[in-house]
Amino acid sequence: MAQTVAARDADFETAESAGPLAQARKGFGEWAFLAPALIFFIGYQVWPIVRVLWLSFTDFQFLSDKPAHWIWFDNYAQALHDPLMWAGLWRAAYFTIMFLPGTIILPLLLAILIDRVSNPLTATVYRVILLIPAVIPSTLIFVLWKWMYNYQSGPINHLLVDTFGVFSLQNAPQWLGGTPLTLPSIAVMEVWWGLGYHTIFFLAGLAAIPQDLPDAARIDGASEWQVFWHVTRPQLAPIMMILVVLRFGTAMAVIDEYLIFGGFNRASPTYTWTIFMYDQAFKLGLWRQGYAAAISMIGAIAMMAVMVLLLRIFRPRG
Amino acid sequence: MTLELDQSDARAGKGQDAGDQSGSTPVGHLVINFFNVVIILPLVWVLLMSVKSLPDAMQGNFWPKRFDFTHYAYVFQRIATLPVNLFNSVYVTAATVLITAAIAVLAGYALVHIRPRGAGVVLAMLFVSLYFPVRVVSLISIYETQHWLGLINHTAGLILPYITLQLVISILVMRSMFQLVPHEIIESAKIDGAGHLRTLWEVGLPMVRNGLVVIFIVNFVAAWGEYLLGVTLIDDEAKRTMPVVLAAAQGGQGQWAWPNLAAVYVIVVTPGIIAFTFAQKLFFKGLLEGALKG
């Protein structure tokens, strides 16, 4: 490999020599490769969080001319007394509870099935098809399913009303738009979206299991279910833990879907803590961003608490 | 050609020489294909919708009685802002993908082969950020920053926050890719007199190609479909990106009649799927080598 570096730059060698100035330059040079990443990471991810934490202790309103005041925990106290905050957290949790099992179990099942396909071409075709939704950008998934679920002209209701006649035009299900079906419908869409990606995740995990483990178990007379439960499952536990915790995080903090499917109707199940935050920060009155900041911090802290709990529960034993 | 079998794949060899009792069953294929159909059907429905005649579109039958291929031309001619919106999305996405990839390659290389003192702290912060709802919490402050920079209602301004959409993932992918490059190779290149930048470009980069494919795709998907920042930071129809326009379009009559909407959808969604189908071999390799270990 080294022969590809044909040219020699002897100048670079001299910079290696010691001396305080050279040392400092070396330290700076070492960080140069990380600098662009750090500028963006700190500027657009770390700083905003610190700034929002700061704002959450003030009565800052974006459109107001008056200076903001430091009001300590007043925003937090008000938010915690606001039924919308609690409704928002509960709605997000309700969605997560519906979404999480489906998005773990179905891909696991598919991965185990695809793992057994011995024809490489067939296996590749399966994986490519399953992964198609993963390369469709988020909003385009939502737009697609907004049509699928459309009350009048969506294909799902067309199937139920015109093809199977299970429902009539009057009582056909209203999948989206703030009905009780909205969150389950979005959960189904999300499972569909993540199906292939998570399957690939599990396939990678399955590929890492030494083949003699399940083989030995089978020779000992274990049934397929026993092989799965006692050999495959423990081996997949670390991947499953990462998936559960990461997906819990994304599910609790869903916002785009709710903006697109639900809007700002407070009675809608899609009005979760994220929408509550957005509504306060960019829609209502003078944009009470101090209050909105407190809402988002409460949501984030609640989420993190559960995630730590999940990490403890799913921690690999032994 | 893209589906040719992949010998170096991690799956190859397993299951073939091993015991046959673990082979696939007809029921297994049936279940897999059921899900395949569930995945493909909605997409085929949109594709067909985009070439249906208007009466067929109203009727809702899956297969149209009469095809009408004029919708594609119509949407470009009659929806005034559409070409602009499409162009906005193209350049914002292209810039985001290229800049993020460059940043991630540099950072991934540095984290493995330069290791400045304190790099461990950076790495820990990157990992922690994966578990924090950064996107939601940071929104208020990002709006403030963009306002301060005078970038509200400037499409190009979206590039800055878009770079961070998948930056952490991209860095972590590149990091695990560079971990596969032995230290000795980097060292010997350096002994030969190459600086870090040259070593990275001539020795490192060719060895992390697959990871590069992964982060190209991941960042493309993120930027091409971004909604939250696009709708919050831009408030002018002509400056908006495609996802925001599509999400707001109410299907029905006139310019946004269902087939027109479907045509726009197909135009927007196809490039990604085609690119992925061609790159899938490298993508899966990269995914197995690096992406799934982070």
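# Exercises on helix packing in a predicted model

The axes of helix α4 (residues 82–114) of chain B and helix α9 (residues 167–179) of chain B come within 7 Å and cross at roughly 45°. That makes α4(B) oblique to α9(B), because angles under 35 degrees count as roughly parallel, over 145 as roughly antiparallel, 65 to 115 as roughly perpendicular and the rest as oblique. Axes are lines fitted to C-alpha atoms, for helices over the stretch in contact, and angles run from 0 to 180 degrees between N-to-C directions. Helices (H or I, at least four residues) and strands (E, at least two) are DSSP runs, numbered from the N terminus.

This is a predicted model, in which local features need pLDDT of at least 70, side-chain atom pairs count only at pLDDT 80 or more, and totals for chains, interfaces and linings use all residues. Residues are numbered from 1 along each chain as its sequence is written, while chains are lettered from A and ligands numbered from 1 in the order in which they are written.

**Exercise 1.** Describe the contact of α4(B) with α9(B) by class.

*Solution.* Start with the rule: two residues are in contact if their C-beta atoms, placed from the backbone, lie within 7 Å. On α4(B), the contact residues include Thr100(B), Ile103(B), Ala107(B) and Val112(B). On α9(B), they include Leu167(B), Met174(B), Arg175(B) and Phe178(B). Now sort by class: Ala, Val, Leu, Ile, Met, Phe, Trp, Tyr, Cys and Pro count as nonpolar, Asp, Glu, Lys and Arg as charged, and the others, Gly among them, as polar. The contact has 13 nonpolar, five polar and one charged residues.

**Exercise 2.** Find where α3(A) bends, and list its buried residues.

*Solution.* First, the bend. α3(A) bends by about 40° at Ile42(A). That is the angle between axes fitted to the seven residues ending there and the seven starting there. Next, burial. A residue is buried if 20 or more other C-beta atoms lie within 10 Å of its own, exposed if 12 or fewer, and partly exposed in between. In α3(A), the buried residues are Ala37(A), Phe40(A), Phe41(A), Tyr44(A), Gln45(A), Pro48(A), Val52(A) and Leu55(A).

**Exercise 3.** Show how α3(A) meets α4(B).

*Solution.* Take the geometry: the two helices pack at an angle of about 115°, with their axes 8 Å apart. Then name the partners. Pro36(A), Ala37(A) and Phe40(A) meet Ile103(B), Leu106(B) and Ala107(B). Sort them: six are nonpolar, none polar and none charged.

**Exercise 4.** Set out the contact between chain A and chain B.

*Solution.* Count the residues: 87 come from chain A and 87 from chain B. On the side of chain A, the largest share, 13 residues, comes from helix α3 (residues 35–55). By class, that side has 63 nonpolar, 13 polar and 11 charged residues.

**Exercise 5.** Which loops hold Trp287(A) and Arg115(B), and are these residues buried or exposed?

*Solution.* Recall that most residues other than glycine have a negative phi. Trp287(A) has a positive phi of about 60°. Trp287(A) lies in the loop between α13 (273–282) and α14 (289–313) of chain A. With 19 other C-beta atoms within 10 Å, Trp287(A) is partly exposed. Arg115(B) has a positive phi near 45°. Its place is in the loop between α4 and α5 (119–130) of chain B. Arg115(B) has 12 C-beta neighbours inside 10 Å, so it counts as exposed.
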